[in-house]
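Student: Please show me the model, and then let us work through it by question and answer.
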Amino acid sequence: MKRLIIGLISAVLMAGGLVGVSESAQAVCPYTGCVKTRTHVSVPNAPVRKGHKATVCVRVTTNGNGTPRGRVTATVKGPGLHWSRTRQYTGGTICFTTRKITKRGHYSARGIYSPYQSTPFKSSRGGAGFNVV
């Protein structure tokens, strides 16, 4: 009877361990576009004064310990302004500086991460709003 109970308990523990291993195996996916990413956008000098430039910073993160690589596009839209720039992304935080903003109002800053074709990371986008006073 003791052997039966010990056998059942060990079977439950092993099944739980296999579920945990299959969850973490997703982070080491060999296929293109299977690791989720998140794009964080911030405007550190908000609120921006009229006639000054805005700084838009973009950072891409993932659940694992890999570093997403690809292209990051920053876009700012608002009253009388549609500004966009693209740069290569190799990790960390990358900041963009807009041209001088001449109109007051609410503006939206967006960041779009586009991975290289050979990486396992998915594309992502994020945004933040700021005011020009």
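Tutor: Accessible areas come from the Shrake-Rupley method with a 1.4 Å probe, and for residues only the protein chains shown count as cover. This is a predicted model, in which local features need pLDDT of at least 70 and side-chain atom pairs count only at pLDDT 80 or more, while totals for chains, interfaces and linings use all residues. Residues are numbered from 1 along each chain as its sequence is written, and side-chain values use heavy atoms, with hydrogens and water left out.

Student: What share of the accessible surface of the protein chain belongs to carbon and sulfur atoms?
Tutor: The accessible surface of the protein chain comes to about 8700 Å². The part of it that belongs to carbon and sulfur atoms is 56%.

Student: Which pattern does the protein chain follow along the sequence?
Tutor: Helices (H or I, at least four residues) and strands (E, at least two) are DSSP runs, numbered from the N terminus. The protein chain has one helix and seven strands. Read along the sequence, the pattern is α-β-β-β-β-β-β-β.

Student: Is Thr61 buried or exposed, and which side chain makes a polar contact with the side chain of Thr61?
Tutor: Thr61 lies in strand 2, residues 53-62, and it is buried (under 20% relative accessible area, whereas exposed means over 50% and partly exposed lies in between, with a 1.4 Å probe and protein chains only) because its relative accessible area is 16%. A polar contact is a pair of N or O atoms within 3.5 Å, where within protein one must be able to donate a hydrogen and the other to accept it, and residues adjacent in sequence count only if both atoms are side-chain atoms. At 3.0 Å, the partner of the Thr61 side chain is the side chain of His40.

Student: Which residues touch the most other members of the largest nonpolar core, and which strand supplies the largest share of this core?
Tutor: A nonpolar core is a set of buried Ala, Val, Leu, Ile, Met, Phe, Trp, Tyr and Cys residues joined through side-chain atoms within 4.5 Å. Of the 24 residues in the largest one, those touching the most other members are Val72, Val76 and Phe130. The largest share of this core, four residues, comes from strand 2.

Student: Is Leu13 buried or exposed?
Tutor: Leu13 is found in helix 1, residues 2-24. Because its relative accessible area is 61%, Leu13 is exposed.
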